Amino acid sequence: MQIRFAIDLSAGEYVRQRAWENARLDNCPLHGKGGCGFASHGTYSRQTPQGTKIARWYCPDGHSTFSLLPDCLSSRLPGSLIEVETAINEVESAPSQEAAACGLRIDVGLTGVLRWVRRRLFLIRTTLNLLTELLPVLQDCRPSISSFKAVLGVEYVLPALRMSAGPYLYVLPPPVGFGPRPQRKKGKKPPFQHKTGTDPPLKRE
Ligand SMILES: [Zn+2]
């Protein structure tokens, strides 16, 4: 189970400061009164950013591990939330996903980059769509980074959502939330197949 490690550091700073050493989880999330053998369970490593470690705990009675994921990092995907947001931004402002993919510095060939982009686009669009339904303040937003940025007034949307989503984190999919990955509906074309240009054209009366 992933738990929010509320810490205002970039991914690079998190690694340089070895901030996982300051992560604290005093009580077992399953057994508030203790007595379950809950204890530190060391750290595990993530490949990117290089040198990243995540502190974790283990509850023997609940057979559960708990890891404290810092606000800067993606859940269940490598790298940082800002990296994901930067890529989605490229796609939103490019004439096509292919054009955006050409501008991204991911060394896996065009097909690989497109898969990388579409996977994240699907997850982020699902997240933003859910939030427009869950939070009244966002109900008029389109499910795009630019629309959320305009309403929230922040430099980066995804870390801000991690910090402010509260209990909804367990409903929202990765890389922002700690909830399950959404399933694409069978027989329905995934939303990422649509061209993702700028804003939709204005309706003419
Ligand atoms: Zn426990």
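How many of the seven residues of strand 4, residues 64–70, are buried? I would like to begin there, and I should say straight away that what we are looking at is a predicted model, so every value I mention has been computed from that model. The answer is six of the seven, so strand 4 is largely enclosed by the rest of the structure.

Let me step back to the whole chain before returning to that strand. The protein has six helices and four strands, and if you read along the sequence you meet them in the pattern β-α-β-β-β-α-α-α-α-α. Of its 205 residues, 43% are buried. The protein exposes about 11,900 Å², and carbon and sulfur atoms supply 51% of that area. If we take the contacts with a separation of 6 or more, 55% of them are between residues 24 or more positions apart.

Now to the sheet. The four strands form an open sheet in the order 1-4-3-2, with mixed pairing. Strand 1 and strand 2 are the edge strands, each of them pairing on one side only, and neighbouring strands of the sheet are turned against each other by 30° on average, when direction is ignored.

Strand 4 pairs with strand 1 and also with strand 3, and it is worth taking these partners in turn. Strand 1, which covers residues 2–5, runs parallel to strand 4 and is joined to it by four bridges; among the partners, Gln2 is matched with Ser67 of strand 4, and Ile3 is matched with Leu68 of strand 4. Strand 3, on the other hand, runs antiparallel to strand 4, and five bridges join the two, including the one in which Tyr58 has Thr65 of strand 4 as its partner. Strand 3 and strand 4 make a hairpin with four residues between the strands, and in that hairpin His63 takes a positive phi near 50°.

Next, please look for the zinc ion. Its protein donors are Cys28 through SG, His31 through ND1, Cys36 through SG and Cys59 through SG, and they lie 2.1 to 2.4 Å from the ion. The angles among the four donor atoms are 101 to 116°, and the site is tetrahedral. Along the sequence, the donor residues are spaced C-x2-H-x4-C-x22-C. Cys36 sits in the loop between helix 1 (11–16) and strand 2 (39–46), whereas Cys59 belongs to strand 3 (residues 52–59), so this pair ties together parts that are 23 residues apart in sequence. Both Cys36 and Cys59 are buried, and here the word means that each has under 20% relative accessible area.

My last stop is Glu21, which is also placed in the loop between helix 1 and strand 2. Is Glu21 buried, exposed or partly exposed? With a relative accessible area of 45%, Glu21 is partly exposed, because that value falls between the 20% limit for buried residues and the 50% limit for exposed ones. Glu21 and Ile54 are 33 residues apart in sequence, and their C-alpha atoms are 8.9 Å apart in space.

To finish where we started, strand 4 is largely enclosed, because six of its seven residues are buried, and strand 4 is joined to strand 1 by four bridges and to strand 3 by five.

Technical notes
Residues numbered from 1 in each chain as written. Predicted model: local features only at pLDDT ≥ 70, side-chain atom pairs only at ≥ 80, totals over all residues. Heavy atoms only, no water. Donors = N, O, S within 2.8 Å, 3.2 Å for Na, K, Ca; no water. Tetrahedral: all angles 85-135°; square planar, octahedral: opposite > 155°, others 65-115°. Buried < 20%, exposed > 50% of the residue type's maximum accessible area, 1.4 Å probe, protein only. Pairing = 2+ DSSP bridges. Axes fitted to C-alpha atoms, helices over the stretch in contact; angles between N-to-C directions. Contact = heavy atoms within 4.5 Å. Areas by Shrake-Rupley, 256 points an atom, 1.4 Å probe, with all protein chains shown as cover.
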